[in-house]
Amino acid sequence: MLIRCFLFYFISFSAWGYQLTQDFVNGFYWASLPVKFIISENDPVRKSFLKKLSETAIKEWEKETGFSIWDLSLEGSTNIIRWSTNFSSETRMDPESVLAVAIRYTDGPYIAKSEIIINGSHPAFNTPYSSVNNMNLSTTLVHELGHTMGLDHSENELAVMAPNLQYPYNGLHSDDLAGMIDVYEQTEYRQITRYVSPLAYKPEKKSTQPFSCGTTTAQHGGTQGVLSLVSGVVVAFIRRIFMYWKKIFKR
Amino acid sequence: MGKNFLILVLILPFPVFSTVVVKAMDCPDQFEGRVKAIIEPVGSTHVFSVNKVIFENHRLLKGNVKDEVTLDVLQNGPFQIESQKDYRVQLRNGKVCWIDEL
């Protein structure tokens with residue numbers, strides 16, 4: 001049974017479709033969890049609507065993973081979720097194909113700020129059917145929240161982290177959960193070890209630097225950094241085996 | 001029998017994870033090209049900082065794209081663009097739909 005368990009995880013570990021953002025792979029992380037977000041919106045009706053859907057999206061991730069990842073507050077955070085009616089000129093991205101964008105900034109070794117901008121003029125949020133609009137917006141929020149933690153687009157098209165909007169949305173895929181567990185555990189490990197990426201204080205870097213949703217590439221950091229990352233992966237791997245055993249015993 | 005069952009059990013999970021298809025976004029103008037230069041903003045009045053990225057169009061995939069394309073790319077957004085690297089770029093009306101590193 002142990003061999004089966006090990007092989008299952010060995011095989012599945014290398015076969016997940018989820019990917020981590022290059023920046024997260026490079027060692028940047030949130031200094032503390034949960035990450036506080038606020039809804040930035042002047043229209044009270046829209047604000048309440050966005051808050052409700054954001055809370056649902058947060059709960060979905062947290063219920064499935066068992067982690068406390070985000071905290072939606074009324075104020076006191078620079079991390080923002082907001083609706084844009086001017087998406088294209090703000091972000092310079094194609095308004096017809098892009099539903100939302102997550103922007104993130106770093107400060108030293110940490111992710112210091114994140115902003116989720118919803119393309120409010122997109123047809124997916126403006127159909128004649130409010131239930132469809134809600135589902136699309138809710139799915140988009142689940143997806144963008146994943147980006148804020150360091151999840152990139154998944155290669156598994158059934159995952160909510162796939163680049164295309166899922167309709168109808170059937171909930172988080174095991175690939176999403178595996179990705180979030182990985183990101184969360186690595187974040188936790190980096191916090192405990194106070195990991196500092198070798199790229200954090202490069203003299204030529206500005207205090208804020210681009211975060212990407214691009215594919216991951218290997219980091220050419222110092223030995224200590226590499227060792228920390230390897231240890232993080234080992235800890236995550238052991239925890240996965242533990243969780244798998246727990247699931248088996250529950251059954 | 002037991003051994004065969006064990007092998008089956010070990011092999012079964014693999015196809016579940018390997019049957020993955022990536023659906024590409026489909027914007028009207030697409031090309032593969034190299035980043036010739038990145039011009040960072042000076043005293044930008046824009047809400048978010050935007051870089052001007054100059055691509056050399058090496059291979060037209062779809063639509064109508066000039067030999068050299070200048071695009072506005074969000075600095076802290078989804079794409080981390082580096083000079084002299086190759087990318088697959090998807091556009092609509094001169095605006096970025098998606099950029100993949102090659």
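## Two crossing helices and a strand with two partners

In this predicted model, helix H3 (residues 44-65) of chain A packs against helix H6 (residues 174-193) of chain A at an angle of about 80 degrees, and their axes are 10 Å apart. Angles of 65 to 115 degrees count as roughly perpendicular, so H3(A) is roughly perpendicular to H6(A).

Which residues make that meeting between H3(A) and H6(A)? From H3(A) come Trp61(A), Glu64(A) and Thr65(A), and they meet Leu177(A), Met180(A), Ile181(A) and Tyr184(A) of H6(A). Sort the residues of this contact by character and you get five nonpolar, one polar and one charged.

Now over to chain B and its strands. Strand E1 (residues 29-39) of chain B pairs with strand E4 (residues 86-92) of chain B, and E1(B) is also joined to strand E2 (residues 50-62) of chain B. Here are the two pairings, with the partners of Gly33(B):

| Partner of E1(B) | Sense | Bridges | Opposite Gly33(B) |
|---|---|---|---|
| E4(B), residues 86-92 | antiparallel | six bridges | Tyr87(B) |
| E2(B), residues 50-62 | antiparallel | nine bridges | Asn57(B) |

So what does Gly33(B) face in E4(B)? Gly33(B) stands opposite Tyr87(B) there, while in E2(B) its bridge partner is Asn57(B).

Finally, a word on confidence. Chain A has a mean pLDDT of 80, with 74% of its residues at 70 or more. Over residues 204-233 of chain A, though, the pLDDT is below 50, and this stretch has 54 contacts in the model beyond near neighbours in sequence. Where pLDDT is low, don't read the predicted coordinates in detail.

Technical notes
Residues are numbered from 1 along each chain as its sequence is written. Chains are lettered from A and ligands numbered from 1 in the order in which they are written. This is a predicted model: local features need pLDDT of at least 70, side-chain atom pairs count only at pLDDT 80 or more; totals for chains, interfaces and linings use all residues. pLDDT is the predictor's confidence in each residue, from 0 to 100. Two residues are in contact if their C-beta atoms, placed from the backbone, lie within 7 Å. Axes are lines fitted to C-alpha atoms, for helices over the stretch in contact, and angles run from 0 to 180 degrees between N-to-C directions. Helices (H or I, at least four residues) and strands (E, at least two) are DSSP runs, numbered from the N terminus. Angles under 35 degrees count as roughly parallel, over 145 as roughly antiparallel, 65 to 115 as roughly perpendicular and the rest as oblique. Ala, Val, Leu, Ile, Met, Phe, Trp, Tyr, Cys and Pro count as nonpolar, Asp, Glu, Lys and Arg as charged, and the others, Gly among them, as polar. Two strands pair if DSSP finds at least two bridges between them.
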